[in-house]
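Me: I am new to this structure and would like a close look at one part of it. Please keep the sentences short.

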Amino acid sequence: MKKTFNLFWCLLMLIAVSVNAQTKNITLDNIWTEYKFYPNSVRAVRWMQTGQYYSKLKDNKIIKNDVATGEEVATILDGNQLEVKISDYSFSSDESQILLMSERESIYRRSFKAEYYIYNFETKKLQKLSEGGKQSYATLSPDGKKVAFARENNLFVVDLATMKETQLTTDGKFNHIINGSADWVYEEEFSMAKAFTWSPDSKKIAYQSFNETEVPEYNMQLWGQLYPVDYRFKYPKAGEKNSVVKVTVVNLENNKHQKMDIGQETDIYIPRIQWTQDAGILSIVRMNRLQNKLEILHASALTGSSEVVLSEESKTYVDLDYNDNLTYLKDGQHFIYTSEESGYKHIYLYDITGKLVRQITKGDWEVTDLVGIKENGKKTVIYYISNEVAPLDRDFYSIDIAGKKKVRLSTKAGQTRVNMSNDFSYYIAVHSSSAEVSTTSLYKTKKNTLVTVLEDNASFKETIKEYGFVKKEHFEFTTEENVVLYGYMLKPADFDEKKKYPVLMFQYSGPGSNQVANSWGGSNYAWHQMLTQKGYIVAVVDPRGTGSRGKDFKHVTYGQLGKYEAIDQIQTAKWLGKQNYVDAGRIGIWGWSFGGYMSSLCLFTGPEQFKMAIAVAPVSNWRYYDTIYTERFQGLPQDNASGYDDNSPIHHVDGLKGKYFLIHGTGDDNVHVQNAIDLSNALIKAGKQFREFYYPNRNHGIYGGNTRHHLYTQMTEFVLNNL
């Protein structure tokens, strides 16, 4: 009996050792050299003219897929045979031609230039779009007969029948006048780089011009040569002069340029232009400098005269719709608009004169994206994503234009992204949850039936199982200020509630953002998993000011950016410290960009709660950041000095007690390295010891070659040595 008992325990021990041996340790090589922990997806999908087929870019080939089966049925174009490396492509409306992008070269976050080629399927002829140098944002006209593009601050058009190139503007000059492309601050903060659009009849192009002559320059030195190279570009810091913007329509038949009337005030923003269904009417979005008033103008392409058809104002700021949900219906008599006017972002229907017809969606939840509108008169159906079921979820819905017959099309808890076919007969859904890796599936819209699973990530699931990934554990708690906050934790796989664990908090905390979601992964997920293997708990919490919980929750930070976010993160550390399994003396915090700003502010103003912090590319002084972003949430520094200074880390360095690691790229065109240098000076003046590291010529993302591996090696060592 005793012998049998001992044999039983030996077998159990062998099984335990075997199971433990199967779990591999996550390494930085796995994350940043092998890129092992990224799930697969179906990328670069282009729906064909009918919903029966879609195309995708694979192995430098444009492949045609049958929607009904999801299988590849033909090679539309082989870039290898053409000796062109395809980075992107677009079809003409009749699919007789295709515009190919190659040799893409990034400028800033969204801007780029590239070589473009046009391929004609009938003649099987490939032609280079222009011999005058790389182009930006080349775009086919609706009739497929012309291509417009920007180059060296000017706008051009090419007639594809003759390949004749015509320069439409001539006054473009670096750091002075930009035509057809956005300036730096529009690109970064209004999420736009291309600043022109074709009219529906292909006879006109509307474009924006930016006169940035009076905008102050920022000098960014580039290192690597005997003498560093100065790179000067226009960057309007809070309270400084912006570009003066104008909107023009050029008639390609007579080359007449008609300026649109956008008002007498020049200290304004024009974040969006688009054509209505009428080729003679241009829609223009205008915002005042403080961004607390948004207007939609309709302007005559012939005369330039305009009228305001919709106006929205707020005591804080009007949240511009970055998903470009302003949609003009094909009936020519209505448009769809999304707004936070009710306290939550919802869908509204207006007639063409701007008169409200109805609010289509309602409730204490948010529409996060407008997927598409299938127009059919009174039977028109709107497809959208919302968090109606749960604030951390994103579900796919349909609703008719009367605001009735609402149907939830996604069926599983979690987050769903959708790409619908042009005729709305099919859609591709990417779904994941905190417990499930993303799955990409093809559905038939009618009866919402699954056609096929395009990517189940079966091999990736085996990989994360092999490396012992732990699941997110969601939680919520109420702060001392009676605010309910949502968060999640990653705990070590062998977690023992009787032990005390160090905690590393990660956050971004910026306005309207979300790090806490019922979805797979997230920023730095694999690295955080690696830290759990080293005995750390990783905790993530979204403070006040973040998104998905209505206007009041998001806008409470207005005028005092950072104040409530820091209070909430410090409250999070206090709450964590009260948990039986947390070592309250070993709580750290880190973040990047706004998150780096927040980790710095928390360490300096909550020194009793945090043992250490890492700040990557942080803002240290809100006076150093750009006009559009900073003034949207803070107003002008001339009017709100305390809002700018009271919550800037540079003014709280005396509070530093813990260990602090400051990291920045010297080539950061967004959050300038000036932020880190001046913060360093303030810390030195205060007699505070800290660690800092600068990555030469790296931008805000701090990447390229071995850079990320080097960065995360340093951060890992700092965590291990100081937490």
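In what order do the strands of the open sheet with β5 stand, and is the pairing parallel or antiparallel? Please take that sheet as the starting point, then show me what surrounds it in the chain.

Reply: A word on the source: this is a predicted model.

The sheet is open and has 4 strands. Their order is β5-β6-β7-β8, and the pairing is antiparallel. In general, strands of a sheet pair through backbone hydrogen bonds, either parallel or antiparallel. At the edges stand β5, residues 88–91, and β8, residues 125–128. Each has a single partner strand, so one side of each is left without a neighbour in the sheet. Neighbouring strands here are turned by 25° against each other on average, with direction ignored.

Look at the β5 edge. β5 pairs with β6, residues 97–106, in the antiparallel sense. The pair is held over 4 bridges. One residue pair to find on screen is Ser-90 and its bridge partner Leu-99, which sits in β6.

Now place the sheet in the chain. The protein chain is divided into domain 1 (42–163), domain 2 (168–324) and domain 3 (471–721). Between the C-alpha centres of domain 1 and domain 3 there are 41 Å. UniProt, in an unreviewed entry, lists residues 92–433 as "domain: Dipeptidylpeptidase IV N-terminal". That span is 49% strand and 2% helix. Its end C-alpha atoms are 37 Å apart.

Further along comes another open sheet of 4 strands. The order is β24-β25-β26-β27, again with antiparallel pairing. Its edges are β24 (327–328) and β27 (356–359). Each of these has a single partner strand, so one side of each lacks a neighbour in the sheet. β24 runs antiparallel to β25, residues 334–339, and 2 bridges join them. Tyr-328 has Phe-335, in β25, as its bridge partner.

Two hairpins are also worth finding. One is built from β18 (residues 244–251) and β19 (residues 256–259). These strands pair in the antiparallel sense over 4 bridges. Val-250 stands opposite His-257 in β19. The hairpin has 4 residues between the strands, and Asn-255 takes a positive phi near 60°.

The other hairpin joins β28 and β29, with 6 residues between them. Gly-377, in the turn, has a positive phi of about 60°. β28 covers residues 367–374, and β29 covers residues 381–386. The two run antiparallel, joined by 6 bridges. Here Ile-373 has Ile-382 in β29 as its bridge partner.

Next, the other annotated span. The unreviewed UniProt entry gives "domain: Peptidase S9 prolyl oligopeptidase catalytic" for residues 529–722. This span is 40% helix and 18% strand. Its end C-alpha atoms lie 19 Å apart.

Last, the enclosed space. Rolling a probe the size of a water molecule over the atoms shows where empty space is left. The structure holds 1 cavity of 30 Å³ or more. About 60 Å³ of space lies in the largest cavity. Among the residues lining this cavity are Pro-391, Leu-392, Tyr-486 and Asn-514. The lining also includes Asp-542, Arg-549 and Phe-553. By class, the lining has 5 nonpolar, 4 polar and 2 charged residues.

Terms used
Residues are numbered from 1 along each chain as its sequence is written. This is a predicted model: local features need pLDDT of at least 70, side-chain atom pairs count only at pLDDT 80 or more; totals for chains, interfaces and linings use all residues. Side-chain values use heavy atoms; hydrogens and water are left out. UniProt positions are given in the numbering used here, feature names are shortened, and annotations may be inferred rather than shown by experiment. On a 1 Å grid over the protein atoms alone, a cavity is a set of points where a 1.4 Å probe fits but cannot get out, and a pocket is an open set with protein on both sides within 12 Å along at least five of seven lines; lining residues have an atom within 4 Å of a point. Grid points are joined across faces, edges and corners, and a volume is the space filled by probe spheres set on the points. Ala, Val, Leu, Ile, Met, Phe, Trp, Tyr, Cys and Pro count as nonpolar, Asp, Glu, Lys and Arg as charged, and the others, Gly among them, as polar. Two strands pair if DSSP finds at least two bridges between them. Axes are lines fitted to C-alpha atoms, for helices over the stretch in contact, and angles run from 0 to 180 degrees between N-to-C directions. Domain bounds come from an automatic or database domain assignment.
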